[in-house]
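User: I would like to learn how to read a few features of a protein model, taking the general idea before the particular case. Could you take me through it?

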Amino acid sequence: MGDFHMPSLGADMEVGRVTEWLVKAGDEVKRGDIVAVVETEKSTIEVEIFESGVIEAIVVPVGEEVPVGTVLARVQSGASGAPEARGPVPASSESILPTEPTPPTGREVATTAAPVVRSPVVRHLAAESGIDLAAVTGTGEGGVITRHDVERALAAQQPPTSRVRASPWARRVAAERGVDLNSVQGTGPGGAVTEADVRKVGAARSRPAAAPSEPAVAAVAAELPANTGPTSDAAAKQASLRRAIGALMARSKREIPHYYLSTTIDMRAASEWLEHVNAGRSITDRLVMPVLLLKATARAVATVPEMNGFMIDGRFEARAAVQVGVAISLRGGGVIAPAIHDTATLGLNDLMVALRDLVTRARVGRLRSSEMSDPTITVTNLGDLGVDQVFGVIYPPQVALVGFGKVAERPWAEDGLLGARPTVTATLAADHRVSDGHRGGLFLSAIDRLLQAPEEL
Amino acid sequence: MTRDDALDIMRDVLHHVAPEADLGEIEPGESMAEALDLDSMDFLNFMIGLHERTGIEIPELDYPQLSTVEKCADYLVAHA
């Protein structure tokens, strides 16, 4: 028997609101499944469950704001039901399903007409994209419909040229309200459908009895719980985002005795290697320099482990796995630093895929809870803006932040000769309670050393 | 491919990369990345989107030739 709690999605989070449940009572869940979407002051996060079992009851309904730690749902864990059947898909857990009717999930029904979907994520994806699961052929084990199957069905159904123009946020709101984007008159740039357009349609539809002259905005306001405020208001969102970032950074500056170091790194080898590798690759497989910088930073942790981990209750806990938090600027303002898991052991190609995916999801507000809660060190890269160096503020409870400026040709003296080379300035902001300048210097020089052999990264 | 086709494709792809961005706001000769606040990942996604829509392989060394609206449209027309 376990409970599913409102997770802490970063040190700055005190409350969150469930904006969507992807499971219902009776659903079987596996560790790592995304079961709910939670809105915080900073972002919208897909929350994973950390225990396999069966959802017994949803405790906190959509729309209610609750403190971190509140029980959101009761979960009957797979272990207590039938310990011998533990595994990725505990077949016997169906015997402990509550009475609420649920779609058949057993292997034996794979050949029947009913679509077999085990993952709430897949079901959600299908619902969001309007795919009829009955029409999808499952290619998973026992005919189970996988995410890939749904994506393929979606691709077949939706040639990119026929896509309605709409912002990702508008798409989400439309999916949540069951509004067909094709039916919405767009008022955004180039006729794009905006979130407000979708809400207007959704509001008009959901209140058919309302007088036609009633302003749509009143209908929208009436739909929102009284205590939650106008979540759709971009200005209010921006204000709460700034408040959250401000509170966390103020805490960092107040509590963490920062020290700062900087070093200029010769990037000739890395630049030449990258150019050479990319020249032989199709555009979709090319790497970008930040991938090398991320990997070098993650691997340098092996040399100076006290850069990687958390300061908890005045004590430092080093972490073995390196989950590099990547500072990503959000369109419209704000910054968020979700983690790429196991950065040190991912190959460069996988890291590139992970980074692209993370940036894309961060921008449309679809990060996952594990990405938000467990970065062990942060990297910020402001080189795109032409910035030379970054003086970082550490994200509590982490203890180090590495910043990279612009990779550009600069004067470089070597062996008594002056020439020009691509260089980058790497900076370190680190916590003096955990390390000192000497160790910090070793860390930066380890990053430098790793970047001199990019083919080995 | 006509120049108008190229501009349509660019507008479409850009819309996925930066939904609120509007090509019409950019001054002639102005860098798209700067005008629309595209970082290197956004710009790469823009290049990938153009490639997926047109089939044109755009070598990395050619990226600077696609920096402005005009240059980008010309490049697509010339390489289609």
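Analyst: We will go through a helix, a sheet, a nonpolar core, the second chain and some backbone details, bearing in mind that this model is predicted.

User: Let us begin with a helix. Which residues of helix 12 of chain A are buried, and what covers them?

Analyst: An α-helix has 3.6 residues a turn, so residues three or four places apart point the same way. Helix 12 of chain A, residues 437–451, has 15 residues and reaches 21 Å from its first C-alpha to its last, close to the 21 Å expected at 1.5 Å a residue. Its buried residues are Gly440(A), Phe443(A), Leu444(A), Ile447(A), Leu450(A) and Leu451(A). These residues cover an arc of only 125° around the axis, which puts them on the same side of helix 12 of chain A. The elements that cover them include strand 9 (258–266), helix 8 (268–279), helix 9 (289–300) and strand 20 (417–431) of chain A.

User: How should I read a sheet, and which strands stand at the edges of the open sheet of four strands in chain A?

Analyst: Strands of a sheet pair through backbone hydrogen bonds, either parallel or antiparallel. The open sheet of four strands in chain A has the order 1-8-6-3, with antiparallel pairing. At its edges stand strand 1 (2–5) and strand 3 (28–29) of chain A, each with a single partner strand, so one side of each is left without a neighbour in the sheet. Strand 3 of chain A pairs with strand 6 (residues 53–58) of chain A in the antiparallel sense over two bridges, and Glu28(A) has Val54(A), in strand 6 of chain A, as its bridge partner.

User: Which residues touch the most other members of the largest nonpolar core, and where does this core lie?

Analyst: In soluble globular proteins, nonpolar side chains tend to be buried together. The largest nonpolar core has 102 residues, of which Val35(A), Ala36(A), Val324(A), Val326(A) and Ala400(A) touch the most other members. Helix 9 of chain A gives the most to this core, with eight residues. Both domain 1 (2–102) and domain 3 (257–456) of chain A give residues to the core, so it lies between them. Taking Val326(A) as an example, and leaving aside its neighbours within four places in sequence, we find it in contact with Leu294(A), Ala337(A), Pro338(A), Ile340(A), Leu355(A), Leu358(A) and Val379(A).

User: How many helices and strands are there in chain B?

Analyst: Chain B has four helices and zero strands, and its elements run α-α-α-α from the N terminus on. Of its 80 residues, 35% count as buried. Among contacts in chain B between residues at least 6 apart in sequence, 60% join residues at least 24 apart.

User: Turning to the backbone, which residues does a cis peptide bond join, and is Asp313(A) buried or exposed?

Analyst: The cis peptide bond joins Pro396(A) and Pro397(A), with omega about 0°, and Pro397(A) lies in the loop between strand 17 (377–381) and strand 18 (400–404) of chain A. Asp313(A), although not a glycine, has a positive phi of about 50°; its place is the loop between strand 10 (309–312) and strand 11 (315–318) of chain A. Asp313(A) is exposed because it has 6 other C-beta atoms within 10 Å, where the cut-off for exposed is 12 or fewer. In chain B, Asp37(B) has a positive phi near 55° and is likewise a residue other than glycine. Asp37(B) is found in the loop between helix 2 (32–35) and helix 3 (40–54) of chain B, and with 16 C-beta neighbours inside 10 Å it counts as partly exposed.

How values were computed
Residues are numbered from 1 along each chain as its sequence is written. Chains are lettered from A and ligands numbered from 1 in the order in which they are written. This is a predicted model: local features need pLDDT of at least 70, side-chain atom pairs count only at pLDDT 80 or more; totals for chains, interfaces and linings use all residues. The expected span of a helix is 1.5 Å times one less than its number of residues. A residue is buried if 20 or more other C-beta atoms lie within 10 Å of its own, exposed if 12 or fewer, and partly exposed in between; C-beta atoms are placed from the backbone. The arc is that of the directions from the helix axis to the C-beta atoms. Two residues are in contact if their C-beta atoms, placed from the backbone, lie within 7 Å. Two strands pair if DSSP finds at least two bridges between them. A nonpolar core is a set of buried Ala, Val, Leu, Ile, Met, Phe, Trp, Tyr and Cys residues joined through C-beta atoms within 7 Å. Domain bounds come from an automatic or database domain assignment.
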